[in-house]
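Here are my notes on the model, point by point. Please keep the structure open while you read.

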Amino acid sequence: MSERQLGDTILEVNNIGLSFGVMKVLDDISFDIKKGEIRSIIGPNGAGKSSMLNVINGFYHPQEGTITFKGETRKAMAPHVAASHGIARTFQNIALFKGMSTLDNIMTGRNLKMKTNIFWQALHLGPARKEELENREAAERIIDFLDIQAIRKKPVGKLPYGLQKRVELGRALAAEPELLLLDEPMAGMNSEEKEDMSRFIIDVNDEFGTTIALIEHDMGVVMDLSDRVVVLDYGKQLADGVPDEVRANQEVIDAYLGVPHE
Amino acid sequence: MTFFIEVTLSGLMAGVMYSLVALGFVLIFKASGIFNFAQGVMALFAALTLVGFMDEFGMPIWLAIIGTIAVMIALAWVIERVMLRHLVNQEPIILFMATIGLAYVLEGLGDILWGSDVKMLDIGIPQGASDWMLDTFDIYIEKLEIFAAATAATLVIFLAIFFQKTRIGRALRAVADDHQAALSVGISLHTIWVIVWSVSGIVALVAGIMWGSKSGVQFSLSLIALKALPVLILGGFTSVPGAIIGGMIIGVGEKLAEVYLGPFVGGALENWFAYMLALAFLLFRPQGLFGERIIERV
């Protein structure tokens with residue numbers, strides 16, 4: 001991918017340190033994400049990539065460092081604050097609402113877009129019904145975009161893995177996020193499914209201008225999609241830069257291929 | 001034959017009463033995985049408050065009902081603030097213990113506020129036998145029981161629409177399915193808990209009104225919670241229709257057993273039949289008739 005003009009910084013993490021008991025999961029991590037870019041976080045298993053996403057969307061509260069999102073600096077995010085300020089995500093081990101249909105999952109993604117209070121909702125009348133219809137239209141647009149019309153009414157627990165991943169992306173998109181966190185969106189997929197997913201990620205980024213932070217193991221995909229890449233290993237930051245720089249970085253090569261330790 | 005139908009119908013109606021209590025359990029269990037031991041006491045507390053508002057403050061019925069609903073919502077808020085919030089991510093058994101504590105606190109509170117004597121509750125639900133049923137089919141049924149059945153049906157239809165068709169209903173189901181994913185789409189667990197405890201407080205009020213109108217508001221009301229337990233085992237802890245149908249099966253089963261088998265075993269079958277049935281279900285179909293099969297990985 002050619003060098004693109006990147007926007008202002010949307011998210012900046014500074015000197016993030018996260019421990020569980022004596023285990024240091026993240027150690028002094030600092031990087032930024034610019035508006036409109038596709039930013040990848042890579043590293044071997046156990047490098048702390050998912051932990052990093054969990055810090056960004058507020059599941060984990062780091063002991064050290066700060067997170068600046070859209071100009072506001074915090075010690076830690078709370079999940080609903082992150083969501084209401086425009087951060088949506090998918091999970092490494094799909095976390096869909098399994099008992100619910102595809103449509104209901106995506107509608108749940110629009111939770112924060114719907115405002116009518118419980119009294120109207122309980123009556124299922126007036127503003128609540130109008131709002132329901134409007135959001136239903138938005139959900140249908142996402143269903144069309146992801147080409148999952150055929151499974152609209154199916155309970156997602158029974159869908160094949162690749163489609164579940166797609167529905168999960170749909171649920172995240174339903175929130176119309178400014179920053180979309182994708183935790184291994186292509187894990188366990190065959191090459192055809194990977195191609196589809198890559199196309200969706202590029203389309204989301206192009207058409208909606210959504211900023212994307214991506215964790216992925218498939219290096220081909222990462223290098224193709226990403227504007228910039230940050231590399232973690234054992235909770236430490238090894239490298240940060242455009243794909244070509246990272247690919248040429250000796251420390252990164254060592255971490256991936258393994259070197260004998262003196 | 002008429003006698004058989006009469007027994008069955010009266011069992012069905014008694015079953016509806018169990019269902020009303022079981023319904024409150026299911027709502028809380030679905031949304032938070034908590035088995036709320038205090039559900040029966042909540043029904044008692046709601047009925048006590050209603051009677052108190054009517055008798056001691058002289059409120060008209062409608063105002064007393066609105067007032068009691070407000071009290072139950074406030075109670076839900078306090079429970080979330082003081083109890084649930086501090087027990088997030090604890091073992092289910094710890095939350096269960098907390099609800100036992102809650103049951104005693106509520107029982108004591110009801111006693112202090114409204115006194116412990118048996119009170120009559122009359123909110124104008126018609127009493128006595130239904131003449132129409134008696135004349136047309138020669139079957140004896142209490143009007144109150146017909147009323148209770150109609151109320152339960154309305155409640156279930158209302159809850160079904162609420163759960164299936166609204167944002168908050170979806171959010172409730174989302175929380176029941178996956179806490180983390182629910183958080184990630186901006187659902188606040190605290191709000192959901194307050195809502196679900198409020199709804200189940202209102203269901204408790206309905207149950208309290210029905211039981212209170214039938215047999216007076218007394219502290220033994222809290223013991224009907226125990227009868228709801230076999231209902232839940234039968235119907236499945238996570239199923240609203242299960243709570244209703246389970247209640248009816250228990251109601252009919254124990255009435256029929258009492259009448260037809262009772263004479264052979266010396267009676268009092270009604271008291272333990274439900275538990276025997278529950279035991280049989282635990283052995284052969286532990287997830288109940290409608291519950292989700294829970295497979296634990298070991």
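1. Start with one residue pair. Ile67(A) has Arg74(A) in E5(A) as its bridge partner. Keep in mind that this is a predicted model.

2. Now the two strands. E4 of chain A covers residues 64-69 and is joined to E5(A) by three bridges. The two strands run antiparallel.

3. The wider sheet is open and has four strands. Their order in chain A is E2-E1-E4-E5, and the pairing is antiparallel. Which strands stand at the edges? They are E2 (23-34) and E5 (72-74) of chain A. Each has a single partner strand, so one side of each lacks a neighbour in the sheet. On average, neighbouring strands are turned by 15° against each other, direction ignored.

4. A helix packs on this sheet. H1 of chain A, residues 49-56, touches strands E1 (9-20), E2 and E4 of chain A. The direction of H1 makes about 115° with that of E1(A).

5. Next, backbone angles. Most residues other than glycine have a negative phi. Asn15(A) has a positive phi, near 50°, and is not a glycine. Asn15(A) lies in strand E1 of chain A. Its relative accessibility is 42%, so Asn15(A) counts as partly exposed.

6. Glu184(A) also deserves a look. Its phi is positive, about 50°, although Glu184(A) is not a glycine. Where does Glu184(A) lie? It lies in the loop between strand E7 (179-183) and helix H7 (191-208) of chain A. Is Glu184(A) buried or exposed? Its relative accessible area is 8%, so Glu184(A) is buried; the cut-off for buried is under 20%.

Notes
Residues are numbered from 1 along each chain as its sequence is written. Chains are lettered from A and ligands numbered from 1 in the order in which they are written. This is a predicted model: local features need pLDDT of at least 70, side-chain atom pairs count only at pLDDT 80 or more; totals for chains, interfaces and linings use all residues. Side-chain values use heavy atoms; hydrogens and water are left out. Two strands pair if DSSP finds at least two bridges between them. Axes are lines fitted to C-alpha atoms, for helices over the stretch in contact, and angles run from 0 to 180 degrees between N-to-C directions. Contact means heavy atoms within 4.5 Å. Buried means under 20% relative accessible area, exposed over 50%, partly exposed in between (1.4 Å probe, protein chains only).
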